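Trainee: I've got a new model open and I'd like to go through it with you. Can we take it piece by piece?

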Amino acid sequence: MADASESDADRRRREAEEAHRRLKEEERRKIEEKERKKAEVRKRLEEAAKAKKSGGKKGFMTPERKKKLRMLLRKMAAEELKKEQERKAEERKKIIAERVGAPKPLDNANEATLQGILKQYFQRISSLEDVKYDLEYEVRQKDFLINELTIQVNDLRGKFVKPALKKVSKFDKLKIQAKANTEVDFRANLKSVKKDTFKLDEENKARPEWALGAKKEAEE
């Protein structure tokens, strides 16, 4: 019984020692890993500082590579633009062929053949004009219907359609108001002057001596 209890105590003691040893090893491993990372970072910073001090090596995108890249992009853009123009030209030819038809052989054609070709073109133009008139009439009818439906919807909603007003800037409004305030009726501010104020009084006027002398001679 005593031997069994001693063996259990030894086993627990050994397990505790083993756990303590493992814990110390784990801590030591973490410390070593931390120191190693610090050393790597320190080394990287020192290398970067040395490279910066000595001019360092050139970056990936050197001026020569940038120039080649720009030339390549321009070349690709020109090719894409050329392909787009060719595609549009093909579509245009296809649409013209569908609407106009294949060109008629006019070389070495006699008068009867030319008259037949002209009649065909005339009939085609007439049919196209009829289709054009029908489409324009249909568009006008739909516009009128849309306008009527819009008016009905606004009436049902009780919405008043505001008329289009002319936009006037705030500066123009202030300028017009200032002009109206500065207008002055100068004629109303003039003083009224009597007409007889500056009229010569013939009775009270003193005549000159030569006039009086001539009068006396006439009387004598």
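Mentor: Sure, and let's settle one term before anything else: buried means under 20% relative accessible area, exposed over 50%, and partly exposed in between (1.4 Å probe, protein chains only). Keep in mind that this is a predicted model, where local features need pLDDT of at least 70, side-chain atom pairs count only at pLDDT 80 or more, and totals for chains, interfaces and linings use all residues. Residues are numbered from 1 along each chain as its sequence is written, and side-chain values use heavy atoms, with hydrogens and water left out.

Trainee: Which pattern does the protein follow along the sequence?

Mentor: Helices (H or I, at least four residues) and strands (E, at least two) are DSSP runs, numbered from the N terminus. The count here is six helices and zero strands. Along the sequence, that reads α-α-α-α-α-α.

Trainee: What percentage of the residues count as buried?

Mentor: Start with the accessible surface, by the Shrake-Rupley method with a 1.4 Å probe, where for residues only the protein chains shown count as cover. That surface comes to about 22900 Å², with 57% of it belonging to carbon and sulfur atoms. Of the 220 residues, the share that counts as buried is 1%.

Trainee: How many salt bridges does a search of the whole structure find?

Mentor: Side chains of opposite charge can pair when their charged atoms come close. The cut-off for a salt bridge is a side-chain nitrogen of Lys or Arg within 4 Å of a carboxyl oxygen of Asp or Glu. Glu 18, Arg 21, Arg 22 and Glu 25 are even linked in a network of them. For the whole structure, the search finds ten.

Trainee: How far apart are the closest N and O atoms of Arg 36 and Glu 40?

Mentor: Both residues sit in helix α1 (residues 2-53), four residues apart, about one turn of the helix. Arg 36 has a relative accessible area of 40%, so it counts as partly exposed, and Glu 40 is partly exposed too, at 38%. Their salt bridge has its closest N and O atoms apart by 2.7 Å.

Trainee: Which residue forms a salt bridge with Glu 91?

Mentor: Look about one turn of the helix away, since the two partners lie four residues apart in helix α2 (residues 63-100). Glu 91 is partly exposed at 41%, and its partner is partly exposed at 39%. With the closest N and O atoms 2.7 Å apart, that partner is Arg 87.

Trainee: And in helix α3, which side chain meets Lys 142 in a salt bridge?

Mentor: Lys 142 is partly exposed, with 48% relative accessibility. Its partner is four residues away in helix α3, about one turn, and is partly exposed at 39%. At 3.3 Å, N to O, the partner is Glu 138.

Trainee: What is the area of the nonpolar surface patch that includes Leu 72?

Mentor: Patches take residues with over 30% relative accessible area and no salt bridge, joining like charges within 9 Å and nonpolar side chains (Val, Leu, Ile, Met, Phe, Trp, Tyr) within 5 Å. Leu 72, in helix α2, is partly exposed at 47%. Together with Met 61, Leu 69, Leu 73 and Met 76, it makes a patch of about 460 Å².
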